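Here is a friendly walk through one protein model, meant to be read with the viewer open. Take a look at the sequence and the fold, and then read on.

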Amino acid sequence: MTMPVAPASIARFRGASLIPTSLRTTIETSVNGVVADIVATTNTKRDDRLWPSDLMVYQTNPLNLAYGACGTALFLRQVCGSIPADAEAWILRQHLSTSTYPPGLYVGLTGIARALALLGHMEEAEDAIRLAYRSPLLFEDTGVLYGVAGWGMASLTMYTDTSNTMYLDYAAIAAEHLLHAAVSGKDGRHWPSSTQNDVQLGYAYGTAGIACFLIRMHAFTGDARFRSAALEAMHFTLRHAYRKGHALQWFSHIGGKTLLPYWRQGTAGVGIALLRFYQASHDDEYLAAARQAVDGVQMLFSALPGQFDGMSGVGDFLLDMYAITGDEQYYYNALELATSILCFEVATEGGLSFPGRALARLSADYAYGSAGTAAFLQRTLEPNSRSLDSQLYEGS
């Protein structure tokens, strides 16, 4: 195992360089080791998955961004500029259908479409997203991860890439659906969960993520209804924050018992949404709240290194804070998380890997495995680069 630089040593380099040479070398070695392991474990003879993945790949589909081949492929593109030809051919030959692939951004056809577009296969990308629009599950969920807000975001980025107004029309259909599905009250606007008897607050499933899509729709259309709904949803999210001193934190849902710092559920995901609202409105209230969210995610160590429910997703929030504010402290906080993540590194026959969900198995998926973890590590070397979620939100 490569030994990380202790976080305390980072401060000695702040006057000279954003990242110590020794830590840069260690992170480069780790990222390159993950790339080597992913390439070494490619298995194009199987149909159920291309790389070792989280077990959810078998309950979803082989290609999705979260657990399947597309998320891992986009990590390889991030680091190497392209993906191996045999892996690319495997992805392109998979049969897509609405019976086996849901429409959602992170688990279904619209996310696969965005991956294909980023990989340079626009014709196949357009085929995939048009198939998604025919899915009987199109309106089953409202959130970013599985539902309407997620495929709405994908529609906006496809419109950006192609200038085809059909995609903007479908984004408008998504936004209109969310307006009608919302519940309004004195605390703002929210959406009841379609799968659980609660109201989700975070980015992946809840009000913060849906608000991001609606504020983005306002930027594209100028429709004041979308802006009003977005502001009300973010107001709802802020009203249900847990305040401890200067810190803001979030439970996954109203009535939750555990405060979470993560991207999928919790404070980091809400913090990213607050940054997007600040960029859209230039209202310092949102930036101030995002700064308080940073106080709410402070950690040196966590049980998990990954993207969805681990340190890497929190680290991406910190790097976004640095990119937007220029405050180097956020970058150093991200580096401290990176040094903790490196402690989870495992040597393999092909290179290096990181354990996935519950630290139970090595996997290459984006949500919990090596691809998502190493994607954050790579961003620490290029702190003004964008996360995968930012590319899905803003376009390529």
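The sections below cover confidence, salt bridges, the open pocket, the enclosed cavities and one leucine.

## Confidence in the model

Please keep in mind that this is a predicted model. The average pLDDT of the protein is 94, and 95% of the residues score at least 70. Residues 1–16 call for some care, since the pLDDT there is below 50. That stretch still has 27 contacts in the model beyond near neighbours in sequence.

## Salt bridges

How many salt bridges does a search of the whole structure find? The search finds 16, and a few of them are worth a visit. Let us begin with Asp 54 and Arg 357, whose side chains meet in a salt bridge with an N to O distance of 3.0 Å. Asp 54 sits in the loop between helix 1 (21–40) and helix 2 (69–80), while Arg 357 sits in the loop between strand 7 (352–353) and helix 14 (370–381), so this pair ties together parts that are 303 residues apart in sequence. The two partners also have their own surroundings: Asp 54 is buried, at a relative accessible area of 5%, whereas Arg 357 is partly exposed, at 34%.

Next comes the salt bridge between Asp 327 and Arg 291, where the closest N and O atoms are 3.9 Å apart. Because Asp 327 is in the loop between helix 12 (311–325) and helix 13 (328–342) and Arg 291 is in helix 11 (residues 284–296), the pair ties together parts that are 36 residues apart in sequence. Asp 327 is partly exposed at 29% relative accessibility, and Arg 291 is partly exposed with a relative accessible area of 32%. The cut-off for a salt bridge is 4 Å, and the pair lies 3.9 Å apart, so a search with that limit includes it.

Two further sites round off this part. Arg 386 and Glu 394 meet through their side chains in a salt bridge of 3.0 Å, N to O. Arg 386 is partly exposed, with a relative accessible area of 30%, and Glu 394 is partly exposed as well, with 29%. Elsewhere, a network of salt bridges links Glu 176, Asp 223 and Arg 225.

## The largest pocket

Arg 386 turns up again here. The largest pocket has a volume of about 240 Å³, and 16 residues line it. Which residues lie nearest its centre? They are Gln 78, Arg 386, Ser 387, Leu 388 and Gln 391.

Helix 2, helix 14 and helix 15 (388–394) each supply at least two residues of this lining. Helix 2 gives the most, with five residues. By class, the pocket lining divides into five nonpolar, six polar and five charged residues.

## The two cavities

The whole structure has two cavities of 30 Å³ or more. The largest cavity has a volume of about 80 Å³. Its lining is made up of 14 residues, and those closest to its centre are Trp 263, Gln 307, Tyr 366, Ser 387 and Asp 389. Ser 387 is thus worth a click, as it is listed by the centre of the largest cavity and by the centre of the largest pocket. Helix 10 (267–281), helix 12 and helix 15 each supply at least two residues of the largest cavity's lining, which divides into six nonpolar, four polar and four charged residues.

The second largest cavity has a volume of about 50 Å³. Val 297, Gln 298, Met 299, Leu 318, Asn 333, Glu 336 and Leu 337 line it. Helix 13 gives the most to this lining, with three residues. Its classes come to four nonpolar, two polar and one charged.

## A closer look at Leu 168

Our last stop is Leu 168, which has its place in helix 7 (residues 165–181). Is Leu 168 buried or exposed? Leu 168 is buried, with a relative accessible area of 17%; the limit for that label is under 20%.

What does Leu 168 touch, leaving aside its neighbours within four places in sequence? Leu 168 is in contact with Leu 156, Tyr 159, Phe 220 and Thr 221. As for Arg 134, 34 residues away along the chain, its C-alpha atom is separated from that of Leu 168 by 16 Å.

Technical notes
Residues numbered from 1 in each chain as written. Heavy atoms only, no water. Helix = DSSP H or I, 4+ residues; strand = E, 2+ residues; numbered from the N terminus. Buried < 20%, exposed > 50% of the residue type's maximum accessible area, 1.4 Å probe, protein only. 1 Å grid on protein atoms, 1.4 Å probe; cavity = no way out; pocket = protein on both sides within 12 Å on 5 of 7 lines; lining within 4 Å. Points joined across faces, edges and corners; volume = space filled by probe spheres on them. Nonpolar A, V, L, I, M, F, W, Y, C, P; charged D, E, K, R; others polar. pLDDT = per-residue confidence, 0-100. Contact = heavy atoms within 4.5 Å.
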